[in-house]
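Colleague: I have the model open next to the sequence, and I would like to go through it with you before I plan anything around it. Could we begin with the strands?

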Amino acid sequence: MNWYLFEFINNSECEINDNGHLKINSKSKVNYFNTSSQNFVLKAAYAQNTTPYVFFENNDVLIVGDIVIYNILNHGVYENVDWTEQELLTNLISLYNTFGLDFVKRLDGEFSFVLFDKKNFTLMACRDTLGVKRLFYLKTDTKLVVASDIFLLKSYLNTPELNGVYFQEYLNANGIVDSYLTPYKDILRLPSGNMFVYENKEINLIKYVNYDELFSDKWMVKETTINREALIEEFESILNKAVLRRVHKSKRNTVLLSGGLDSTTIFNVSKRLGQRYGEINSVSVVFDELKECDESAYITELLEQYNSKGTFLNYDSVLMYEDLRNNILRFDEPYATAPTCEFISPLIESSVNNNTYSILTGYGGDQLLTNPPYLLRDYVREGKIKDMFGDLTKYCMYTNMSAFKGLREYIIQPHPFSRATKNKRNHARNLFYQMLNAKANHYMDRAIGGFYGADIKHPFLDRELISFMIKIPSHILFDPFYTKKILRDSQKNKLPDSIRLRINKTSHIAHTLKSIRKNWNSIYSNVKSPLVVSKLGLCSEEFWEENLYKWRNGLLIDEAFLLLFSIEVWIMQEVK
């Protein structure tokens, strides 16, 4: 993981100073670059953990960023690349020289970067398709400043002014904001799949990814060519590649391992195929007292399959919410996952203490593979009407739902995300919505990972894997009894059946309630006079108190409350 700052000043009469505030953690290394000409001054800085940095200048082109490339797209075909640092930079320059600004359309990976072409006086910035990496900027009459993180830009503002519109969108977007808005009025975000070109002191925003094309129905496999076994094999092959791309070669890797299907699959693939690249370890949460939260039996069975010990952290006494004001790692915008960072942080810390800085997770598996019953409506389009009624009946019986209600909710009524894309299949609509909103990992990656100097990766957030899922007809994906059917089938004879065929997920509700009740006095003292009410006006005091006490007692709360709670934690740290 890299941090970078790029400052372009339309005036050569400017003092050049180092960007000293780029020091991130005790392990990060900071480097600086400055250049000037008759017309401009350019200053840049980057910091990196253990991954190679990207900061390169040839005679004409400068690139500053956080870049990992997995494939080059050639007429829709994914061509795998495994470039060294120098090859990466050389090939990016070559692609730019060949295709101009359109070269970004050929990149598949995780990246955000700035490119400055001195010869043609072109400055552009770009962010990857899924928005795994972030990019922010601010512009004045004399300068443009681009950075990987908001906090690097705040020092350019005398008094950063909060943006009330952002917080409203945060609530409306279920905590995932991917528009130009940020918590500060003068700092802007580059949305996923976008680039901008800076010319004549103006920014031209360009959406270089056509999401309707990426998630198009036209990619679906034709019924006459469907071979279920071949599809499962191809899915497994692409999943294996997605995992291996993220295994750090020749170094130690750790998988955040629970007893669930997603993380056990990542561990299983890493252990079977990635061991030849680097050591594969695991770290897991276990409970002795809170048995309903414990998954140690599943984890141990998988570890024994590979004669691996794993690291186990007992969480009976590792509670959350002890000190919201000081124990939550500060981040530059609110995230719904931030108030629970005390659950994830010990896992990352344990890995780093074991000299492991490359960490893999199962995040993204739910979004990519769950396949909700809305897919049943696609059966009609796929000519499987009889199968639709059969699977709907089975699903309704399994979930104790009336057939009429199932028909109304999943077949007659439109898909809830139907307006998100022009595509007609509910599978494409659902996948479009889920994957473009799979950004809850940003807090873990940049706040927690940044604090401990770890690089955290998520193999299910893989564009080639997503593109393959788009191809599969809904009647192949959906199963009335099992979610993630294709993943389960791909792991047959690889994962223990106790995990592979497991239906119910383990919940941590008991641990959450224990944390709330144990630390209630501290929680209440911090949030009894909520800033989301007095400063931001996002809810009424009555709404806040009612839901706060419901949350305290384990009762059903309004779905907006935890989002408001995450804003409250963020804003109390902002103004302290």
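**Strands, helices and charged pairs**

Colleague: In which sense do β14 and β15 pair, and over how many bridges?

Modeller: Strand β14, residues 253-256, and strand β15, residues 280-286, run parallel and are paired over four bridges. Two strands count as paired when DSSP finds at least two bridges between them, and both helices (H or I, at least four residues) and strands (E, at least two) are DSSP runs numbered from the N terminus. Within this pair, L256 has V283 of β15 opposite.

Colleague: Before we go on, what am I looking at here?

Modeller: This is a predicted model, in which local features need pLDDT of at least 70 and side-chain atom pairs count only at pLDDT 80 or more, while totals for chains, interfaces and linings use all residues. Residues are numbered from 1 along each chain as its sequence is written, and side-chain values use heavy atoms, with hydrogens and water left out.

Colleague: And how confident is the predictor, what's the mean pLDDT?

Modeller: The mean pLDDT, the predictor's confidence in each residue on a scale from 0 to 100, is 90 for the protein, and 91% of the residues reach 70 or more. Over residues 50-54, however, pLDDT stays under 50, and the model has 19 contacts (heavy atoms within 4.5 Å) beyond four places in sequence for that stretch. Where pLDDT is low, the predicted coordinates should not be read in detail.

Colleague: Back to the sheet, then: what is the order of its strands?

Modeller: The sheet is open and has five strands in the order β16-β15-β14-β17-β18, with parallel pairing. Strands β16 (311-314) and β18 (455-457) are at the edges with a single partner strand each, so one side of each has no neighbour in the sheet. Neighbouring strands here are turned by 25° against each other on average, direction ignored, where axes are lines fitted to C-alpha atoms, for helices over the stretch in contact, and angles run from 0 to 180 degrees between N-to-C directions.

Colleague: Which helix lies across β14, β15 and β17?

Modeller: That is α6, residues 261-274, and it runs at about 160° to β15. In the loop between α6 and β15 you will find R276, which is exposed, with a relative accessible area of 57%; for burial, under 20% relative accessible area means buried, over 50% exposed, and partly exposed in between, with a 1.4 Å probe and protein chains only.

Colleague: Different topic: is α23 mostly covered or mostly open?

Modeller: Helix α23 is mostly covered, with 12 of its 15 residues buried, among them F561, W570 and M572. The elements that cover these buried residues include α3 (164-172), α20 (520-527), α21 (531-534) and α22 (541-552).

Colleague: How many salt bridges are there?

Modeller: There are 35, where a salt bridge is a side-chain nitrogen of Lys or Arg within 4 Å of a carboxyl oxygen of Asp or Glu. One of them joins D149 and R446, with the closest N and O atoms 2.8 Å apart. This pair links distant parts of the chain, 297 residues apart, with D149 in the loop between β10 (143-147) and α2 (151-154) and R446 in helix α14, residues 441-452. Both D149 and R446 are buried.

Colleague: And which residue does R272 meet in a salt bridge?

Modeller: R272 meets E236, at 3.9 Å from N to O. They too belong to distant parts of the chain, R272 in helix α6 and E236 in helix α5 (residues 228-246), 36 residues apart. R272 is partly exposed at 30% relative accessible area, whereas E236, at 14%, counts as buried.

Colleague: Last thing: where is Y321, and is it buried or exposed?

Modeller: Y321 lies in the loop between β16 and α8 (341-353), and it is buried, with a relative accessible area of 5%. Its phi is positive, about 70°, although Y321 is not a glycine. Most residues other than glycine have a negative phi. K484 also has a positive phi, near 55°; K484 is in the loop between α16 (474-477) and α17 and is buried at 4% relative accessible area.
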